[in-house]
Amino acid sequence: MVDAEDVIAPADGDGPAPVLELRGVKAAYGKIEVLHGVDLAVPKGAVVALLGANGAGKTTTLAVASGQMTPTEGDVFVAGRRVTGATASDLAAAGLCTVPEGRGVFRTLTVRENLRMATYRGVSMGDVEDRAFEIFPKLGERRSQMAGTLSGGEQQMLSLARALVTEPAVLMLDELSMGLAPMIVDDLYQQVGRITSGGVSVLVVEQFARSVLGVADVAAIMANGRITSVGTPAEIESELSDTYLGASS
Amino acid sequence: MTDSTPTDTTEGFAARVQELHVPEPKADREALLLKVGVALVVVGLVLILVAWFQASGTASVAEQVPYALSGGLLGIGLVILGSALVIRFSLARLFRYWLARIVYEHQTQTDRTVEALGRIEVALTGGSSSNRRPAAAAGTDHSSDHQTASVDSVGAAHRAEHSES
């Protein structure tokens with residue numbers, strides 16, 4: 001069981017090091033600082049939900065964690081090792097997988113061709129297809145269809161399948177629910193919940209909190225570039241309205 | 001499907017993370033500035049040589065002055081700036097190495113002293129120190145015990161004197 005303390009406690013405590021940890025991370029776009037000292041840890045096999053209103057700094061936090069952005073201060077630790085400044089491609093090859101906001105599928109390629117992109121970690125194409133179509137059978141029916149002609153939910157399935165088949169150790173999801181019907185979002189999050197039983201750690205960034213709180217072990221609220229609250233999904237759910245309506249600062 | 005289990009994935013992940021190339025921004029910047037320093041010195045020297053070569057080709061002082069100013073002075077400036085950078089970052093490396101060496105030697109010396117003290121303790125106790133705690137901790141306790149015993153014995157003697165009187 002993962003406690004809220006595990007999400008904010010530093011790795012040099014008594015317990016095992018978190019799989020992913022941000023310590024005092026500050027980040028800026030040009031001269032405008034958007035993260036003002038973020039401390040966040042993702043324990044092994046846990047689903048950590050990072051919630052907050054638009055512009056809170058959630059996607060920037062994910063960009064720093066995945067190596068797409070270098071923090072101006074603070075450090076990123078993966079499996080106990082400081083990896084600040086490591087490239088996103090190196091981190092991805094090591095097993096940190098990011099599903100970006102907006103799905104990131106290649107619209108002019110077929111479903112199969114999109115899945116071929118997931119073979120970069122040495123998993124064969126046959127294995128990739130077997131696993132992807134087992135998780136999302138609907139993709140199997142549309143394997144020869146252009147990704148751009150899939151529905152929003154199917155595109156998100158493809159994006160998630162492409163991430164899952166690489167057998168990542170840490171999966172980072174950015175706004176999985178964006179533009180999707182609630183039923184499809186529930187389905188996708190059920191898949192996310194299932195993969196953690198295999199030891200995969202998940203960091204989910206979400207603006208629409210209801211679905212992710214159903215699978216999260218711990219949730220954190222972010223506002224104005226800071227983590228303002230960490231707790232169980234039930235605790236966090238009660239604070240959400242304050243955050244989104246601007247009562248929390 | 002690949003036959004990797006979750007444990008394989010986790011262990012493999014930790015191993016791959018250990019192998020990651022993580023740049024040290026400060027070290028990279030220092031190395032770059034050191035190279036820039038060397039380049040500035042070289043460019044400065046070339047400018048001085050060119051200025052000298054051009055100035056030596058004419059006997060007129062009025063024609064030599066522009067070469068001296070644009071080539072010679074600029075060249076000297078670059079050589080000074082480049083030398084400063086080279087000295088600054090070469091010395092930083094040297095001092096870091098020197099400091100690391102001192103720390104290492106200090107640690108080695110401390111280890112030798114502790115080892116020698118251990119041998120002395122074994123020699124003094126006739127090899128029966130295996131049942132005792134480490135020298136540092138035991139020493140503190142012994143001195144404390146000894147002090148308590150001494151105070152007690154002084155107190156007893158004092159009380160005996162009072163009772164006799």
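In what order do the four strands of the open sheet in chain A run? Load the model, which is a predicted one, and select that sheet to find out.

**Stop one: the open sheet**

Colour the strands of this sheet and you can read the order off as E2-E1-E4-E5 in chain A, with antiparallel pairing. Now look at the rims: strand E2 (32-42) and strand E5 (81-82) of chain A sit at the edges with a single partner strand each, so one side of each has no neighbour in the sheet. Zoom in on the E5 end. Strand E4 (residues 73-78) of chain A pairs with E5(A) in the antiparallel sense, over two bridges. Show Val78(A) there and you'll find it opposite Arg81(A) in E5(A).

**Stop two: the helix across the sheet**

Next, select helix H2 (residues 58-65) of chain A. H2 lies across strand E1 (20-29), E2 and E4 of chain A, and runs at about 115° to E1(A). Is this helix buried or exposed? Eight of the eight residues of H2(A) are buried, so the rest of the structure largely encloses the helix. That goes for Lys58(A), Thr59(A), Thr60(A) and Thr61(A) as well as for Leu62(A), Ala63(A), Val64(A) and Ala65(A). Step past the end of the helix and pick Gly67(A): its phi is positive, near 85°.

**Stop three: a strand covered on both faces**

Hide the helix and move to strand E9 (residues 218-223) of chain A. Six of its six residues are buried, so E9 too is largely enclosed by the rest of the structure. Show side chains and check each face in turn: Val218(A), Ala220(A) and Met222(A) are buried on one side, and Ala219(A), Ile221(A) and Ala223(A) are buried on the other.

Which strands pair with E9(A)? Strand E3 (residues 47-51) of chain A does so in the parallel sense, over four bridges; there, Leu50(A) has Ala220(A) as its bridge partner in E9(A). Strand E10 (residues 226-231) of chain A pairs with E9(A) in the antiparallel sense, over five bridges, and Met222(A) stands opposite Ile227(A) in E10(A). Follow the chain from E9(A) to E10(A) and you trace a hairpin with two residues between the strands. Click on Asn224(A) in that turn: it has a positive phi of about 50°.

**Stop four: the nonpolar core**

As background, nonpolar side chains tend to be buried together in soluble globular proteins. In this model, the largest nonpolar core has 83 residues. Select Val48(A), Ala49(A), Ala161(A), Val204(A) and Ala216(A), which have the most contacts inside that core. Keep Val204(A) highlighted and bring up what it touches beyond four places in sequence: Val47(A), Ala49(A), Leu50(A), Leu173(A), Leu176(A), Val212(A) and Ala216(A). There is also a second, separate core of five residues, including Leu40(B), Val41(B), Ala51(B) and Leu78(B).

Now try Val215(A), in helix H9 (residues 210-215) of chain A. Val215(A) counts as buried because 20 other C-beta atoms lie within 10 Å, and 20 is the cut-off for that label. Leaving out neighbours within four places in sequence, Val215(A) is in contact with Val47(A), Tyr189(A), Val192(A) and Gly193(A). Draw a C-alpha to C-alpha distance from Val215(A) to Tyr189(A) and it comes to 6.9 Å, although the two are 26 residues apart in sequence.

**Stop five: two helices side by side**

Select helix H7 (residues 152-164) and helix H8 (residues 182-195) of chain A. Their axes come within 10 Å and cross at roughly 10°, and H7(A) and H8(A) are therefore roughly parallel. From H7(A), the contact is made by Gly153(A), Gln156(A), Leu160(A) and Leu164(A); from H8(A), by Ile184(A), Leu188(A), Gln191(A) and Ile195(A). By class, that is five nonpolar, three polar and no charged residues.

**Last stop: chain B and where it meets chain A**

Switch to chain B, which has four helices and zero strands. Its elements read α-α-α-α from the N terminus on, and buried residues make up 9% of its 165 residues.

Finally, bring both chains back. The contact takes 16 residues from chain B and 19 residues from chain A. On the side of chain B, helix H1 (residues 6-19) gives the largest share, eight residues. Colour that side by class and you get nine nonpolar, six polar and one charged residues.

Methods. Residues numbered from 1 in each chain as written. Chains lettered and ligands numbered in written order. Predicted model: local features only at pLDDT ≥ 70, side-chain atom pairs only at ≥ 80, totals over all residues. Buried ≥ 20, exposed ≤ 12 C-beta atoms within 10 Å, placed from the backbone. Pairing = 2+ DSSP bridges. Contact = placed C-beta atoms within 7 Å. Nonpolar A, V, L, I, M, F, W, Y, C, P; charged D, E, K, R; others polar. Axes fitted to C-alpha atoms, helices over the stretch in contact; angles between N-to-C directions. Parallel < 35°, antiparallel > 145°, perpendicular 65-115°, else oblique. Core = buried A, V, L, I, M, F, W, Y, C linked by C-beta atoms within 7 Å.
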